[in-house]
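Q: Please take a close look at one part of this model, the packing at the centre of its core. Explain what surrounds it, and define the terms as you go.

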Amino acid sequence: MAEPVQQTKILVSACLMGLKVRYNGSEKAALQATLQRWQQENRLVIHCPELAAGLPVPRLPAEIVAGNGADVMRGRAQIIENSGQDVTAHYQLAAWLALQAAQQAGCSAALLTDGSPTCASQSIYNGTFSGTRQPGMGVATALLQQHGIRVFSEQQLPALMAWVNEREKCR
Ligand code: SF4
């Protein structure tokens, strides 16, 4: 008898579940429908690394200065709030808590909000607080990827769906 297919568990940025994100209508509808289905299938681990690390709501905008998330985790770049305060240690903790949440639940993939100094996987703000993005990843994404967890941004939902299907077909 064939072994039952084990479901792929996915760490999801909590703010994606709230859908307080900018999309066109069809992307938003697709994201909403897929996340709802995956939640019913008990695949999702909903997590906000920054809240888990004790950062307040609301909090000041923070950007990575002179590097990306991997650099921050290596101690070679900082995360600064727009007040000038260095909050690097808080964001490093946020990354470790995201990894812990993913590993404890057995997640092999993550769907995280792009643009965030924590959750970004494709682009981050460039550290000048001018609204300018550059290619790069946040601290949690860097750490998750270093530990073998595939990270997709919300714009990459079709790629994540294909990856999950392929993975489960191969079992
Ligand atoms: S993007 Fe920010 S608010 Fe959303 S889950 Fe990640 S850390 Fe939390």
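A: Start with alanine 98. Leaving aside neighbours within four places in sequence, alanine 98 is in contact with Leu11, His47, Pro49, Ala140, Leu143 and Leu144. Two residues are in contact if their C-beta atoms, placed from the backbone, lie within 7 Å.

This is a predicted model: local features need pLDDT of at least 70, side-chain atom pairs count only at pLDDT 80 or more, and totals for chains, interfaces and linings use all residues. Residues are numbered from 1 along each chain as its sequence is written.

Ala98 and Ala110 have the most contacts inside the largest nonpolar core, which has 43 residues. Such a core is a set of buried Ala, Val, Leu, Ile, Met, Phe, Trp, Tyr and Cys residues joined through C-beta atoms within 7 Å. A residue is buried if 20 or more other C-beta atoms lie within 10 Å of its own, exposed if 12 or fewer, and partly exposed in between, with C-beta atoms placed from the backbone. In soluble globular proteins, nonpolar side chains tend to be buried together.

Helix H5 (residues 88–105) gives the largest share of this core, eight residues. Helices (H or I, at least four residues) and strands (E, at least two) are DSSP runs, numbered from the N terminus. H5 has 18 residues and reaches 26 Å from its first C-alpha to its last, close to the 26 Å expected at 1.5 Å a residue. That expected span is 1.5 Å times one less than the number of residues. Buried in H5 are Thr88, Tyr91, Ala94, Ala95, Leu97, Ala98, Leu99, Ala101 and Ala102. An α-helix has 3.6 residues a turn, so residues three or four places apart point the same way. After H5 comes glycine 106, with a positive phi near 75°.

Now turn to the partners of Ala98. Ala140, Leu143 and Leu144 are among its contacts, and these three are also among the buried residues of H6. The others buried there are Val139, Thr141 and Ala142. H6 is mostly covered, with six of its eight residues buried. The cover includes H3, helix H4 (69–73), H5, strand S5 (107–112) and strand S8 (150–153). Glutamine 145 also belongs to H6 (residues 139–146). Glutamine 145 counts as partly exposed because it has 16 C-beta neighbours inside 10 Å. Its C-alpha is 9.8 Å from that of alanine 70, although the two are 75 residues apart in sequence. Just after H6, glycine 148 takes a positive phi of about 85°.

Pro49 links this picture to the ligand. Pro49 is a contact of Ala98 and one of the residues around the ligand. The others around the ligand are Ser13, Ala14, Cys15, Cys48, Glu50, Thr113, Ser116, Thr118 and Cys119. A residue is near a molecule if its C-beta atom, placed from the backbone, lies within 6 Å of it. Helix H1 (14–18) and helix H3 (49–52) each give two or more residues to this shell. The shell divides into five nonpolar, four polar and one charged. Here Ala, Val, Leu, Ile, Met, Phe, Trp, Tyr, Cys and Pro count as nonpolar, Asp, Glu, Lys and Arg as charged, and the others, Gly among them, as polar.

Finally, the whole protein. There are seven helices and eight strands. Of the 171 residues, 37% count as buried. Among contacts between residues at least 6 apart in sequence, 62% join residues at least 24 apart.
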